[in-house]
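Student: I would like to learn how to read a protein model step by step, beginning with a single strand and then moving outwards. Could you guide me through it?

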Amino acid sequence: DVPKGPDPRGDSDGPRRGSLCDRHCAAINNVQGDLGDLGCHLHRPRVPPAVSTPACCQQHSEEVCESCVVKTTLTAENAVEANKLSNNYKFGFKKWKSHVTARPWEDRSEIVKELYSDLNVIRGSGGSTLTCGNVLYLLLFGWWLSLLYVLVAAVMFVTVIGAPYGRLCWDLAGYFLWPFGKVIQKVEVPKSHQACEAGAGESSALLGGPTPRRWRPQCWAGTGYWRRAGTAVWLCLAYPVLALAHGLVCVTAWLLIILIPVAKLSGRAASCVLLLPPERVLIRRLRMTEVPLEGEVILCCYRAANPYYYKYAVDGINVFAVNLLPLVLVTLVLGYADSPNHLTGSAIKFTLALLSIMPLSYYIGMAIASISAQSNFAVGAVVNATFGSITELTFYITALIKGSREGNRCYAEVVKSALTGTLVGCVLFVPGLCMVIGGIRHQEQRFNSRSAGVSSALLFLSVGGVFAPTLFSKVYGKLVCGECHNVTQNPLGHYLCHNCHFDLMDNNGTLYYSHVQPLVYTVSILLPAAYLIGLFFTLKTHTHIYDIHISDCHMPGHHHSAVVHWSRWRALVILLLSTLCMSACADLATEHISPILTNSTISQYFIGVTVLAMVPELPEIVNGIQFALQNNLSLSIEIGNCIAVQVCMLQIPILVLFTIFYPTNFTLVFSDLHVYASMFSVVLMNYIFMDGKCDYFQGTVLVMVYFILLAVYFFAPSPSGC
């Protein structure tokens, strides 16, 4: 969807190559020149040779030069897009792939232009109309829609005064049976027939349009009275039925996404064709050697399906998010209006609430990206820090509140499983899946290993801090078992014990309240402090490690002002409403998860690690895949790393702080399975990312390890107390 820019390696204005240091810098720049993005063009800054040499080269001799990087410039279409791209490369900011401004029409590809066409363009040669999508239309809609028109035509012929509309319905029956390669035109009435309109009273597009031309050369029954009577019969008897049928076709085709051309066809027929006087509607089949008649083209369709409609957007919102938005309304109405579960059960309500979180996460992400792109750095940082983890925190807090009210420890264990699942999934599954999908298109992908190293270091620090209280309890806690059996019938023999755990409440909780709890509070203070230091390091003192410079220069030959999809105030309102709906959906999910945890044969560990952890992250996963397809694996990796770091350094400390003001069963002591899975995932990720390049095989390794861990959680017994 982007015109290809010139090859950066062929730029004659590149850096000097007179010294070993310069050659080393140029080599590193070629290795790290993978920072392309949709709507942006990659090139090196055209600066004089004296300025091209980076500052780091001035600090080393010409024989030894390490970490020398020549900045890569990303040219955006306008200042707002440039700000959004810049935020994508800032640590702690939400990475957003879609545009926050409207792209100029001339910069779009022909494929995208076809998606937004109004089906009123006649092509010179449309090719064969016998395609799988057209046959699918015939099987799903064409046959019964054509039959309905035949029945309506019969009714209109019976009324006599509606005979012209009956003839129109008869012709439309043949058209909607197979509309491809046919055209509907609005023709004008010749001047020789305009005399029939004299004395006919008031005129309008429907009740008093031009004189009939199509059905008979004379006036319609001679007077305007019969004309208006026939139109009234049409509007009362036929049009509501046909409009309802077209509305059903339109909604169904729109939900199927690839059949959106059928939705446009049906909607335009109901809103335009059926409201025209019958004598002004001309239906004809196109032939290559035929010259089109004069008149406005209303409908001209060649294909019923287009697989590229997954790119379609309405006011900047992806069509998938648009289609899932009514699901949120259904979930809220059904969840709060049917509290006793008379209409549906808890399992269906839980599923709907969980699915509703996906579009709300999308709207929250787009609102954050829109506000950040149109604001200064301080406002963007505050918005990202405040709402960046709102999706996960909303669910965790509502689950802990419900568990505290019911005195059920299962909710706290499910929250711990969801936290661990998010960490493991964002470290293994998200980058691994992006590597696999990106590797299908690109044989080898490279990324900025220095920026990935910062996230890796923070991950090591955060994992060590989060699991420090757990390791402390293993060392100093007292092992308590539920039941033990003597296997050898000897008092000094071996015992087989079940449901063993380390008890921190021995001696009235002295170990926990005097040692473990202060350690938890200390870790909860140090982790956010380390996160702030990481922000200051990457955004202030060492910004050069991202090897990126954003320019808001327009493309050559084009000058466009930014037309944002969402203004700041609109984005803020959508952000607040989405957050409110998210809280309601999270409340419904936690309200109806209890029967699933109680009656399900699947381990509660598995439910928390998979469903509750990864469903809210689906919009982020889609963004990562899109970045990988554009050969921008650096941002794909940063998406997973940033979420994992925020889980440990922000979300967990916030939950600990919440338990201070609202006591719950949440303690920062995890099971052994969570500890081993998290630590192994972080170590494996750092090993894979060590050399700054990857392919689909390494991505497959990460994904397979993730599925192995899921199998372990699936067969693991439920936590004690659940």
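Tutor: Let us begin with strand β3, keeping in mind that this is a predicted model. Five of the five residues of β3 are buried, so the strand is largely enclosed by the rest of the structure.

Student: Which residues of β3 lie on one side, and which lie on the other?

Tutor: Lys182, Ile184 and Lys186 are on one side, while Val183 and Gln185 are on the other, and with all of them buried both faces of the strand are covered.

Student: How should I think about the way a strand is joined to its neighbours?

Tutor: The general idea is that strands of a sheet pair through backbone hydrogen bonds, either parallel or antiparallel. In this model, an open sheet of three strands has the order β4-β3-β5, and its pairing is antiparallel. The edge strands are β4, covering 281-285, and β5, covering 296-301, each of which pairs on one side only. On average, neighbouring strands of this sheet are turned by 20° against each other, if direction is ignored.

Student: Over how many bridges does β3 pair with β5, and over how many with β4?

Tutor: Strand β3, residues 182-186, pairs with β5 over five bridges in the antiparallel sense, and the antiparallel pairing of β3 and β4 also runs over five bridges. You can follow this at glutamine 185, which stands opposite leucine 282 in β4 and opposite valine 297 in β5. For lysine 182, the bridge partner in β5 is cysteine 301.

Student: Which helix packs on this sheet?

Tutor: Helix α7, residues 163-177, packs there and touches β3, β4 and β5, with a direction that makes about 145° with that of β3.

Student: How do I read the packing of two helices against each other?

Tutor: It helps to ask about the distance between the axes, then the angle, and then the residues that meet. The axes of helix α22 (residues 618-629) and helix α23 (residues 633-661) come within 7 Å and cross at roughly 155°. Because angles over 145 degrees count as roughly antiparallel, α22 is roughly antiparallel to α23. The crossing in which α22 passes α23 is left-handed.

Student: Which residues of α22 and α23 meet?

Tutor: From α22 there are Glu620, Asn623, Gly624, Phe627 and Ala628, and they meet Leu633, Leu635, Ser636, Ile639 and Ile643 in α23. Sorted by class, this contact of α22 with α23 has six nonpolar, three polar and one charged residues.

Student: Are α14 and α24 roughly parallel or roughly antiparallel to each other?

Tutor: Helix α14 (residues 410-441) and helix α24 (residues 672-688) pack at an angle of about 25°, and their axes are 10 Å apart. Angles under 35 degrees count as roughly parallel, and α14 and α24 are therefore roughly parallel to each other. Their crossing is left-handed. Among the residues of α14 in this contact are Leu423, Val424 and Val427, and the residues of α24 that take part include Ala677, Val682 and Met685. By class, the residues of the contact of α14 with α24 divide into 10 nonpolar, five polar and one charged.

Student: What can I learn from the loops, where there is no helix to follow?

Tutor: One thing to look for is a backbone angle phi that is positive in a residue other than glycine. Isoleucine 257 has such a positive value, with phi near 65°, and this residue lies in the loop between α8 (224-256) and α9 (260-271). Asparagine 341 likewise has a positive phi near 65°, and its place is the loop between α10 (319-337) and α11 (346-373).

Student: Which of these two loop residues is buried, and which is partly exposed?

Tutor: Buried means under 20% relative accessible area, so isoleucine 257, at 7%, counts as buried. Asparagine 341, with a relative accessible area of 27%, is partly exposed.

Student: And how would I look at the chain as a whole?

Tutor: You can count its elements and then ask how much of it is enclosed. The secondary structure of the chain comes to 25 helices and 14 strands, and buried residues make up 52% of its 722 residues. Among contacts between residues at least 6 apart in sequence, 80% join residues at least 24 apart.

Notes: Residues numbered from 1 in each chain as written. Predicted model: local features only at pLDDT ≥ 70, side-chain atom pairs only at ≥ 80, totals over all residues. Heavy atoms only, no water. Pairing = 2+ DSSP bridges. Helix = DSSP H or I, 4+ residues; strand = E, 2+ residues; numbered from the N terminus. Axes fitted to C-alpha atoms, helices over the stretch in contact; angles between N-to-C directions. Contact = heavy atoms within 4.5 Å. Parallel < 35°, antiparallel > 145°, perpendicular 65-115°, else oblique. Left-handed = near helix turned anticlockwise from the far one by under 90°. Nonpolar A, V, L, I, M, F, W, Y, C, P; charged D, E, K, R; others polar. Buried < 20%, exposed > 50% of the residue type's maximum accessible area, 1.4 Å probe, protein only.
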